[in-house]
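Good morning, everyone. I will walk through one chain today, a few places at a time. Please have a look at it before I start.

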Amino acid sequence: MRSRRPAHLLDDAYIAKYQKAYQLLRALPDSDGRSWKNQANLHCAYCNAAFYFPMAKSRLEIHYGWFFFPWHRFFLYFHERILAQLVGDDTFAIPFWNWDDQSANPPLANVLPDVFANAMYKNKSSSLYDANRNACAQPPNIIDLQNLFQCENQTPSLKASLRESNNRIMYTQMVIGAPISRLFFGEPYKLGGWAGPGGGTVEASPHVPVHTWTGNPKAKIATSDMGNSQFSAFDPIFHAHHSNIDRLWEVWKALAKGNHQDITDPDYLNTEFLFYDENGNLVKVKISQALNINTLRYKYEDVANLWVHDGSDATSISCFPTSTLEINKMIINTPAFNTNNPITFASSTFTFCVSRPIKRQLHGEEVLVIGGLHIGNATSLFLNAFLYFPTANTNSSISCRQFLGKLGNSGVNFGPDLPDSKKEWRLAITPKLQSLGMDQFSHIVVTLVQLGEKGSKLVIFGIRVSRSY
Ligand code: C2O
């Protein structure tokens, strides 16, 4: 059994072994499937329009859909076995970068871990060093899952508000925004289907923002590793980041045993991928083999998931009047989304008709589907969604109870053959309505706010409420 530990709590002996493992990996010749370069390139053998299967509509993409969690689990599993073999220690495990922990008590979890960032290791000869990282993503700065383009010396009060918004994102994407499997894991992607049909809540954020923050959000692709999928696995922090993402899969399942289940679609379970094992042999694995980490012989050291409480709606404040009168006025004054009138925007507000509670019980979850997303390739782009908060803008705090969810898109190239109309983003509505105590209205009011690079191109052609979930 290999025990994955939080990266900010590693002892010197472990760090030495960790560095040694990557040293040995980097020393392997590229004729070996396990080599550093082959391992890093394997990531995007499965992404960025690298493969075109006969019968597929568009090029293979394991991001922005239901392959995201299992594929990365396997990727880490084999990577870990290779490292363990190289250092001759079968218990060696890839640490997890516990960036979701916002505790202000040192050693901090939500900074770039010492092992990657500390002056002691930040020399170009360390095997865990990567030159293409964001200068703003260095301690003492703490992680910013919300406003990635902000780069400044963080004052204590800015840090306090970052902790709050980081907690909110965690709670929103892990709990209130992911009540059912399909929203957590992402949309089905089968042979004959379109690539990147829609990522799950956690994939979109915080997964993408951590990449973007660690790479350089303003840099060109060639000088940012973590910020784009083509090069992200060339930074050893990638694996520590994904170790945490993989841990969150386990955390999500444990949060609500009845509803938080793995996907059972046979098409998903029987999907196969190829990896190099620790002996350099090419092996084939099936998603059904990825679902139980016990059988994969690893586990996560227990840590407190503080955001379950600290980021909850119950501890947040309402940012807009919630009286029946105000809401009815708001609904009347807000236009419906017009499909003939796609939006290109900074922020826009629309109403949508929703079911009353009784009907909702019969039809299951109602989900807001934001479709026809035209996102310029390789752009870092983020959207915040709010419910019943029509004045929300780029400065609005996601600490508001009205914060509904966050979309993150990093530099993925889907290739030339994927129509924009096939990209979608989904948001759970019902739990938020209940949390706001506002599930009696016939309409919701949704405000979308675009964050990110100025001039990044986003067009939305279709938004609807889907009841058949
Ligand atoms: Cu394959 Cu975090 O990306």
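Which residues does Lys159 touch, not counting residues up to four places away in sequence? Keep in mind that this is a predicted model. Lys159 touches Pro140, Ile142 and Gln154. The lysine itself belongs to helix H5, which covers residues 156-176. Lys159 counts as buried because its relative accessibility is 15%, and the cut-off for buried is under 20%.

One of those contacts, Pro140, deserves a second look. Pro140 sits in the loop between H4 and H5, and the peptide bond that joins Pro139 and Pro140 is cis, with omega about 10°. There is another cis bond to point out, from Pro106 to Pro107, where omega is near -5°. Pro107 is found in the loop between H3 and helix H4, residues 114-117. For context, most peptide bonds are trans.

Now the chain as a whole. How many helices and strands does the chain have? There are 13 helices and 12 strands. Of the 469 residues, 58% are buried. Among contacts with a separation of 6 or more, 77% are between residues 24 or more positions apart. The accessible surface is about 18300 Å², and carbon and sulfur atoms hold 52% of that.

On that surface there is a nonpolar patch of about 460 Å², made by Phe51, Phe53, Met55 and Leu191. Take Met55 from that group. Met55 lies in the loop between helix H2, residues 36-43, and helix H3, residues 68-87. With a relative accessible area of 66%, Met55 is exposed, since the cut-off for exposed is over 50%.

Next, helix H3. H3 has 20 residues and spans 29 Å from its first C-alpha to its last, close to the 28 Å expected at 1.5 Å a residue. Is H3 mostly covered or mostly uncovered? H3 is mostly covered, with 17 of its 20 residues buried. Just after H3 comes Gly88, which has a positive phi of about 65°.

On to a pair of strands. E2, residues 272-276, and E3, residues 282-286, pair in the antiparallel sense over 5 bridges. The two form a hairpin with 5 residues between them, and in the turn Gly280 has a positive phi of about 85°. Which side chains of E2 are buried? Phe273 and Phe275 point to one face and are buried, whereas Glu272, Leu274 and Tyr276 point to the other and are not. In a regular strand the side chains alternate between the two faces of the sheet. Across the hairpin, Phe273 stands opposite Val285 in E3.

Last, two backbone angles. Most residues other than glycine have a negative phi. Arg297 has a positive phi, near 65°. Arg297 is placed in the loop between E3 and strand E4, residues 298-300, and counts as partly exposed at 43% relative accessibility. Tyr388 also has a positive phi, near 50°. Its loop runs between strand E8, residues 381-387, and strand E9, residues 403-409. Is Tyr388 buried or exposed? Tyr388 is buried, because its relative accessible area is 1%.

To go back to where I began: Lys159 is a buried residue in H5, and one of the residues it touches is Pro140, which follows a cis peptide bond. That is the tour.

Notes:
Residues numbered from 1 in each chain as written. Predicted model: local features only at pLDDT ≥ 70, side-chain atom pairs only at ≥ 80, totals over all residues. Heavy atoms only, no water. Helix = DSSP H or I, 4+ residues; strand = E, 2+ residues; numbered from the N terminus. Buried < 20%, exposed > 50% of the residue type's maximum accessible area, 1.4 Å probe, protein only. Contact = heavy atoms within 4.5 Å. Areas by Shrake-Rupley, 256 points an atom, 1.4 Å probe, with all protein chains shown as cover. Patch = residues over 30% accessible without salt bridge, like charges linked within 9 Å, V, L, I, M, F, W, Y side chains within 5 Å. Salt bridge = Lys/Arg side-chain N within 4 Å of Asp/Glu carboxyl O. Pairing = 2+ DSSP bridges. Expected span 1.5 Å × (residues − 1).
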